[in-house]
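Reader: I am in my first year and would like a close look at one part of this structure. Please start with the hollow spaces inside it and then go on to the parts around them.

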Amino acid sequence: MRRVSRIAVAGAATASLALALSACGGTSTEASSSSDSKGGDKGLAIAYDVGGKGDQSFNDAAFAGLEQAKKEFGYQTQDIEPTEGETDADKEQRLVSLAKQGYNPVIGVGYAYATAVKEAAEQYPDTTFGIVDDSTVQLKNVADLVFSEEQASYLAGVAAAKSTKTNVVGFVGGVDIPLIHKFQAGFEQGVKDTNSKAKVLTQYLTQTAEEGGFSSPDKGKSAAEGQIEKKADVVYAAAGLSGQGVIEAAAANKVWAIGVDSDQYKQEALAKYKDSILTSAMKDVAKAVYNLAKSVEDGKPETGIVRGDLKSGEVGLAVSNPTFKDDTKLQEALETAKEKIISGEIKVKTS
């Protein structure tokens, strides 16, 4: 078992996205062996999802959690980029290599790692593995880090419905899969519950991640432009890196964009568009990654389904834009909706 940290941990606040030495991308050529299956003494390692580090969204949030763990526990970390066209076997080899090197925990960032995490975790039963956005891996040494994205998306829908002047808003999903359906369902419900006259335009960029739905800003921009031409004046994107194109289109046409996963108003790469980012529907991937690392450091590894929701404070809306934060009526409507969701009075749809 890993040593227990002597460092007192004050909390799990998200660390800033500082630059760090990044590991080489690609697939490791190291193979595992049954005689080398014990959990290691190195720190946290993460393997990125499609889009990689620098997506200003999902992957960067995971990196923030890694950076906080590195800073607080003073240990070695590693983060590895995906490669184009990689297979489940490639992902498995990457995770196995990290476990073999002694990293613990090892986290696959994204549902696409489900098969790889299962196979690697079975080979390294003394290493804790984590997977973000998937709850199908049921092993004693795996933590399924999942979120109630539909709840934050409902609040985004309330914000959109209160902010639209045309009664037309848009939703752009990266890939047509159940995970992104949760974002769409919550958003549409929030819009309709708040403004029954409002229309929601919906478009998915691709059917599969391999087609670039989460990694193509040009696709996101084109989709948003199409919705804006149809009078949408608030557009919400749940599309990873592709969402940058949605935000760019919103800024160019002087309408509102709603970001996702991270507080995109604060992202340096999006700074020139920030005045068009009303808010972002956030899920605290950074906190989930950090908390798993802390649990291993404390000798009590998290396992099973670990869910973040409105009640736990791990999903919600960003308030960095002063225009959004200072809108008293909007904030009152959001607080009322939040309280009703937490109490169960509002049951948010997931599909």
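Author: The model is predicted. It holds 3 cavities of 30 Å³ or more.

The largest cavity has a volume of about 180 Å³. Its lining is made up of 19 residues, and those nearest its centre are Asp49, Phe58, Phe214, Gly240 and Asp261. Sorted by class, the lining of this cavity has 11 nonpolar, 3 polar and 5 charged residues. Three elements, H1, helix H5 (178-194) and strand S9 (256-261), each give the lining at least two residues. H5 supplies the largest share, with 3 residues.

There are open spaces to consider as well. The second largest pocket has a volume of about 470 Å³. Around this pocket are 20 lining residues, and Val50, Thr83, Gly85, Ala209 and Glu210 lie nearest its centre. The lining of the second largest pocket divides into 7 nonpolar, 6 polar and 7 charged residues.

Two of the helices that line the largest cavity can be followed further: H1 and H5. Take H1 to begin with. Two packed helices are described by the angle between their axes and the distance between the axes. For helix H1 (residues 58-73) and helix H8 (residues 285-297), the axes come within 7 Å and cross at roughly 35°. The crossing of H1 with H8 is right-handed. On the H1 side, the residues in contact are Phe58, Ala61, Ala62, Ala64, Gly65, Leu66, Gln68, Ala69, Glu72 and Phe73. On the H8 side they are Val285, Ala286, Val289, Tyr290, Ala293, Lys294 and Glu297. By class, this contact of H1 with H8 has 12 nonpolar, 2 polar and 3 charged residues. Phe58 thus appears twice in this account: Phe58 is among the residues nearest the centre of the largest cavity, and Phe58 is also one of the H1 residues that meet H8.

Now H5. Val191 sits in this helix. Val191 has a relative accessible area of 0%, so it counts as buried. Apart from neighbours within four places in sequence, Val191 touches Gly157, Val158, Ala160, Ala161, Val169, Ala198 and Val200. The C-alpha atom of Val191 is 8.6 Å from that of Leu155, although the two residues are 36 residues apart along the chain.

The loops also deserve a look, with the backbone in mind. Most residues other than glycine have a negative phi, and most peptide bonds are trans. Three places in this model depart from that pattern.

One is the peptide bond from Asn104 to Pro105, which is cis, with omega near 10°. Pro105 belongs to the loop between helix H2 (88-100) and strand S3 (106-108).

Another is Asp133, a residue other than glycine whose phi is positive, near 70°. The loop that holds Asp133 runs between strand S4 (129-132) and strand S5 (142-147). Asp133 counts as buried because its relative accessibility, 10%, is under 20%.

The last is Lys231, which is not a glycine but has a positive phi of about 85°. Lys231 lies in the loop between helix H6 (217-229) and strand S8 (234-238). Its relative accessibility is 57%, which is over 50%, so Lys231 counts as exposed. Asp133 and Lys231 therefore fall into opposite classes, with Asp133 buried and Lys231 exposed.

Note on methods:
Residues are numbered from 1 along each chain as its sequence is written. This is a predicted model: local features need pLDDT of at least 70, side-chain atom pairs count only at pLDDT 80 or more; totals for chains, interfaces and linings use all residues. Side-chain values use heavy atoms; hydrogens and water are left out. Axes are lines fitted to C-alpha atoms, for helices over the stretch in contact, and angles run from 0 to 180 degrees between N-to-C directions. Helices (H or I, at least four residues) and strands (E, at least two) are DSSP runs, numbered from the N terminus. A crossing is left-handed if the near helix is turned anticlockwise from the far one by less than a right angle, and right-handed if clockwise. Contact means heavy atoms within 4.5 Å. Ala, Val, Leu, Ile, Met, Phe, Trp, Tyr, Cys and Pro count as nonpolar, Asp, Glu, Lys and Arg as charged, and the others, Gly among them, as polar. On a 1 Å grid over the protein atoms alone, a cavity is a set of points where a 1.4 Å probe fits but cannot get out, and a pocket is an open set with protein on both sides within 12 Å along at least five of seven lines; lining residues have an atom within 4 Å of a point. Grid points are joined across faces, edges and corners, and a volume is the space filled by probe spheres set on the points. Buried means under 20% relative accessible area, exposed over 50%, partly exposed in between (1.4 Å probe, protein chains only).
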